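User: I'd like to go through the aromatic rings in this one and hear the reasoning behind each label. Can you take me through it?

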Amino acid sequence: MGSAMGETQQVARSDPWFRTRSPEEAIHVCNTAFYRHRLELLGPSSSFGLAQRVTRVGPITMGDTTYETDVALGFDETRASYHICVPLNGWLEARHRGQQLTSSPTLASIYRPDAEMTVTRWPGGSRHLAVKIDQIAVDRALETLVDSPVHSPIPFTAILPLKAGAAHDWVRLLLMAHRQIDGLDSLMRQSVVREPLVESLIHGLLLVADHPYRQALDARAEPARPAAIRDAMAIIEAGPHLSLTISILARQCHVSVRTMQEGFHRHLGMSPMAYLRVVRLRHAHRDLRSADPSHTTVASIARRWGFTHLGRFAAAYKTMYGQTPLQTLRAAH
């Protein structure tokens, strides 16, 4: 193993990519990031190489991976996560639940936790985004959305078309998160940004993939009773600085996510997250009016109340108050 480790290319500390020409080291690294597996070289061993960049956000692990020669991969039959293979270029052949699957940039594959997952051929040079999402996180998210227990694991259809529409948008959101999460100054390190992003990625999978609960997800929910809306408004008013999501509000108010959304639109004419934004703007306005501009910045107040994009904060603030945040701050003294 010592000689194998020595074959690893030396890269700058800031380089997020792992690269090796050692099959043994490739197995070790992928075992750690994803699952224990067996690696078989289908092409010449002299051509072997692995390039991989792994990121994690909450219960989601993503790996941008390329092998330089053809390989096959075998995995244990049970895992604690759903796995989605999203080809970025090239293709991949696999076997799952007795079905032969071929993934391509227009066709992703979804693998359930309770059955075999075997990559019969990963062609050299093919680049894939491997997405691992904890089973418990996905199952609980679906139960919250449909407001009832669900069969676990969720029997996803193995094929996920990516040509256009919502599935294409979901992949773009995955890639955005994967490319930005590791930055030292990344906004995604802030829980107020990270937690809603994780929820959006998991809800996105449930909304774009095919499974027996799609009809329940697509059905229109009954409006929430006014008491639930009042409770949600009180939670938002009491903690607008917290990492609140629709799921958290729905769970604390004992209604489903869809019912919460319907209730806010019916009684307030906006979504729960839009109402949260209004409350945060109101608090930011109060702080700007009382702040000392020589010691306080617009950016610090915006971040205090969960606004991570200053441009969007300024635009929303001007729409609501008729002046820019900086004008309010300067007028305070």
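User: Why is Phe-34 called buried?

Analyst: Keep in mind that this is a predicted model. Phe-34 has 12% relative accessibility, and buried means under 20%, so Phe-34 counts as buried.

User: And what makes Tyr-35 buried?

Analyst: Its relative accessible area is 8%. The cut-off is under 20%, so Tyr-35 is buried.

User: Why are Phe-34 and Tyr-35 called a tilted aromatic pair?

Analyst: Their centres are 6.2 Å apart, and rings pair if the centres lie within 6.5 Å. The planes make 50 degrees; under 30 would be stacked and over 60 edge-to-face, so the pair is tilted.

User: What makes the rings of Phe-313 and Tyr-317 a tilted pair?

Analyst: Here the centres lie 5.9 Å apart and the planes sit at 50 degrees. The distance limit is 6.5 Å and tilted covers what is neither under 30 nor over 60 degrees, so this pair is tilted. Both residues lie in helix 12 (residues 310-321), four residues apart, about one turn of the helix.

User: How do you know that Phe-313 and Tyr-317 are buried?

Analyst: Phe-313 has 1% relative accessibility and Tyr-317 has a relative accessible area of 0%. Buried needs under 20%, so Phe-313 is buried, and so is Tyr-317.

User: Which aromatic cluster do they belong to?

Analyst: One formed by Phe-307, Phe-313, Tyr-317 and Tyr-321.

User: What makes Lys-132 lie over the face of Tyr-35?

Analyst: Lys-132 is at 5.4 Å from the ring centre, and the distance limit is 6 Å. Arg-79 also lies over the face of Tyr-35, at 5.9 Å from the ring centre.

Key
Residues are numbered from 1 along each chain as its sequence is written. This is a predicted model: local features need pLDDT of at least 70, side-chain atom pairs count only at pLDDT 80 or more; totals for chains, interfaces and linings use all residues. Side-chain values use heavy atoms; hydrogens and water are left out. Rings of Phe, Tyr and Trp (its six-membered ring) pair if their centres lie within 6.5 Å; planes under 30 degrees apart count as stacked, over 60 as edge-to-face and the rest as tilted. Buried means under 20% relative accessible area, exposed over 50%, partly exposed in between (1.4 Å probe, protein chains only). Helices (H or I, at least four residues) and strands (E, at least two) are DSSP runs, numbered from the N terminus. A charge sits over a ring if NZ of Lys or CZ of Arg is within 6 Å of the ring centre and within 35 degrees of the ring normal.
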